[in-house]
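User: I'm a first-year student and I'd like a close look at one spot where two helices pack. Could you walk me through it and what surrounds it?

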Amino acid sequence: LTLDNVNSLQDVAIDDQTIISFKYEGVMRSADAMCSSGIDSLISNLYNAQDAGIKGVILDLDTGGGEAAAGVKLNAALEDLDMQTLVHFNTLGSAGVLSALKANVRMAKSPMSRVGSIGSFISLNKTFIQKYREQIMDVYADGSEDKNGGFRELINSETTEKLKVQVTEHAELFRQAVKDS
């Protein structure tokens, strides 16, 4: 059963053998965008399927990754769902790998399928940083000295060491999650 050919799960006769398929392609984002659904909507659909009595889901994922938060959210949902889950993929990288770790089964579509690119990074817009430095003044409350420490270091001294430590810590947690699964 795929949702491409039905208006809602109420339009479908569901028995104790019914499984459903969802497809997610491209960059993983939590929120919906103008032309694509985000992971939050996919998770909502997964829970709706479970509530309707669906016994299993095939999640067709093809993504090189995206937002870490999107991967974390889908990972947690797959762990929480009370139905069998299979992630079927051609390309699965970064946040996509993280999202699939709690599926009951992970299966490549072909011998040419690829998994990889496990790590973390942030992209910094140099023009934004320059304009921010020139036009914005931040005032932090007493006791908030560590708040946004990496960003504050970047703005005040053009150094990225604290940001690199944060990204490295995230990458290490990510790699450990992969090893543990």
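**Where two helices meet**

Analyst: On the α1 side, Ile39, Asp40, Leu42, Ile43, Leu46 and Tyr47 meet Ala70, Lys73, Leu74, Ala77, Leu78 and Asp80 of α2 (contact is heavy atoms within 4.5 Å; helices are DSSP H or I runs of at least four residues, strands E runs of at least two, numbered from the N terminus). This is a predicted model, where local features need pLDDT of at least 70, side-chain atom pairs need 80 or more, and totals for chains, interfaces and linings use all residues. Numbering starts at 1 along each chain as its sequence is written, and side-chain values use heavy atoms, without hydrogens or water.

The α1 and α2 axes come within 10 Å and cross at roughly 10° (lines fitted to C-alpha atoms over the stretch in contact, with N-to-C angles from 0 to 180 degrees). So α1 is roughly parallel to α2, a label for angles under 35 degrees.

Now zoom in on Leu42. Skipping neighbours within four places in sequence, Leu42 touches Phe22, Tyr24, Leu59 and Leu74.

Leu42 also belongs to the largest nonpolar core, 29 residues in total, where Phe22, Ile39, Leu42, Leu46, Leu74 and Val87 have the most contacts (buried Ala, Val, Leu, Ile, Met, Phe, Trp, Tyr and Cys joined through side-chain atoms within 4.5 Å; buried is under 20% relative accessible area with a 1.4 Å probe, protein chains only). β1 (19-25), α1 (39-51), β2 (56-63), α2 (68-80), β3 (84-93) and α3 (95-100) each add at least two residues to this core. Your helix α1 gives the largest share, five residues.

On β1, Ile20, Phe22 and Tyr24 point to one face and are buried, while Ile19, Ser21, Lys23 and Glu25 point to the other and aren't.

Note on methods:
Buried means under 20% relative accessible area, exposed over 50%, partly exposed in between (1.4 Å probe, protein chains only). Angles under 35 degrees count as roughly parallel, over 145 as roughly antiparallel, 65 to 115 as roughly perpendicular and the rest as oblique.
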